[in-house]
Amino acid sequence: MNRNQLNNLVEQYIERFEELNEKPNYEGYKWITFQKFADAWDINRPDFKGMFDAAFKELKSNNLLQSGQFQPISGITDLLNHENEIEYVREAFRELFTEDDGNILAREKRIYKFVEKINQKTLEYDPDTKFRKQNLRSALFYLNLWKPNDNFIYKATEAERFAEAIEFSDDFGQGASFNLVKYYKMCNEVLEALVKNKELLECH
């Protein structure tokens with residue numbers, strides 16, 4: 001990774017922070033969304049559906065994960081509207097949100113297992129659905145909500161452009177060739193640099 005290139009990007013972000021922080025482009029909504037999830041999430045709560053709705057309320061109304069043609073949270077909400085599927089969904093999240101002592105390969109297996117389990121049920125109720133299915137991006141986002149210090153959001157195009165901008169040499173691929181270990185390597189290297197930047201941290 002080219003630290004000078006990363007520093008250039010961070011400097012531009014700091015210089016434009018006030019502009020980026022003006023409503024309606026308020027940067028802080030991202031941190032508020034994560035905090036509200038943390039405040040609401042309790043996988044053992046008897047009313048799992050109610051808990052899920054509260055935890056994901058902000059994400060249903062902003063652009064962090066869902067869009068017009070990608071609505072994975074709505075897909076899970078659809079499943080939770082079927083009372084006989086509530087425990088199925090709870091257990092799928094319990095498996096996804098399993099401690100692994102930093103074993104990224106084990107985490108990757110859980111991600112794809114979660115995607116397969118939820119999509120299997122989604123397709124049972126709506127064989128024609130395509131916008132409300134889960135994928136790598138949505139599962140990684142849920143993990144990031146659950147353990148934001150240990151996981152990272154992923155968008156293929158943005159991640160690839162960012163890696164190119166900072167000259168990250170270890171190609172993590174995308175689609176079927178995506179390598180989570182290499183992607184997390186890049187993210188951790190970036191994080192290590194960012195937490196040392198006092199001026200950046202003071203922006204928040």
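**Exercise 1. Lys 57**

Task: Classify Lys 57 as buried or exposed, and state which helix holds this residue.

Solution: Start with the accessible area. In this predicted model, Lys 57 has a relative accessible area of 59%. The cut-off for exposed is over 50%. Lys 57 is therefore exposed. Next, place the residue. Lys 57 belongs to helix α5, which covers residues 57–61. Finally, relate Lys 57 to another position. Thr 33 is 24 residues away along the chain, and the two C-alpha atoms are separated by 8.7 Å.

**Exercise 2. Ile 76**

Task: Determine whether Ile 76 is buried or exposed, then give its C-alpha distance to Tyr 112.

Solution: Locate the residue. Ile 76 sits in helix α6, residues 72–80. Now take its accessibility. The relative value for Ile 76 is 0%. Buried means under 20%, so Ile 76 counts as buried. Then turn to the pair. Ile 76 and Tyr 112 stand 36 residues apart in sequence. Their C-alpha atoms are 16 Å apart in space.

**Exercise 3. A salt bridge inside α7**

Task: Describe the contact between Glu 91 and Arg 94, and say where both residues lie.

Solution: Take the distance. The closest N and O atoms of Glu 91 and Arg 94 are 3.1 Å apart. The limit for a salt bridge is 4 Å, and this pair forms one. Place the partners. Both are in helix α7, residues 86–96. Their spacing is three residues, about one turn of the helix. Add the accessibilities. Glu 91 is partly exposed at 32%. Arg 94 is partly exposed at 30%.

**Exercise 4. A salt bridge between helices**

Task: Find which helices are linked by the pair Lys 113 and Glu 95.

Solution: First confirm the contact. The side chains of Lys 113 and Glu 95 meet in a salt bridge, with an N to O distance of 3.5 Å. Then assign the helices. Lys 113 is in helix α8, residues 104–125, and Glu 95 is in helix α7. With these positions 18 residues apart in the numbering, the pair links distant parts of the chain. Check the exposure of each end. Lys 113 has a relative accessible area of 44% and is partly exposed. Glu 95, at 30%, also counts as partly exposed.

**Exercise 5. A network in α8**

Task: Work out which residues are joined into one network with Lys 121.

Solution: Begin with one bridge. Lys 121 and Glu 124 meet through their side chains in a salt bridge of 3.7 Å, N to O. Both residues lie in helix α8, three residues apart, about one turn of the helix. Compare the accessibilities. Lys 121 is buried at 15%, whereas Glu 124 is partly exposed at 47%. Now extend the picture. Salt bridges with shared partners join Glu 85, Lys 121 and Glu 124 into one network. For the whole structure, the search finds 16 salt bridges.

**Exercise 6. Positive phi**

Task: For Asp 101 and Glu 167, give phi.

Solution: Take Asp 101. Its phi is positive, about 55°, although the residue is not a glycine. Asp 101 lies in the loop between α7 and α8. At 83% relative accessibility, Asp 101 is exposed. Take Glu 167. Its phi is also positive, near 55°, and this residue too is other than glycine. Glu 167 is in the loop between α10 (156–165) and α11 (180–194). With a relative accessible area of 45%, Glu 167 is partly exposed.

**Exercise 7. A negative patch**

Task: Identify which residues gather in the patch of negative charge on the surface.

Solution: List the members. They are Glu 11, Glu 15, Glu 199 and Glu 202. Now map the patch onto elements. The helices giving two or more residues are α1 (3–15) and α12 (198–203). Glu 199, for one, is found in helix α12.

**Exercise 8. Cysteines**

Task: State how many disulfides are counted, and classify Cys 187 and Cys 203.

Solution: Apply the rule. Two cysteine sulfur atoms must be within 2.5 Å. The count comes to zero disulfides. Then read the accessibilities. Cys 187, at 11%, is buried. Cys 203 has a relative accessible area of 23% and is partly exposed.

Conventions: Residues numbered from 1 in each chain as written. Predicted model: local features only at pLDDT ≥ 70, side-chain atom pairs only at ≥ 80, totals over all residues. Heavy atoms only, no water. Patch = residues over 30% accessible without salt bridge, like charges linked within 9 Å, V, L, I, M, F, W, Y side chains within 5 Å. Areas by Shrake-Rupley, 256 points an atom, 1.4 Å probe, with all protein chains shown as cover. Lys, Arg positive; Asp, Glu negative; His and termini not counted. Charge placed at Lys NZ, Arg CZ, Asp CG, Glu CD. Helix = DSSP H or I, 4+ residues; strand = E, 2+ residues; numbered from the N terminus. Buried < 20%, exposed > 50% of the residue type's maximum accessible area, 1.4 Å probe, protein only.
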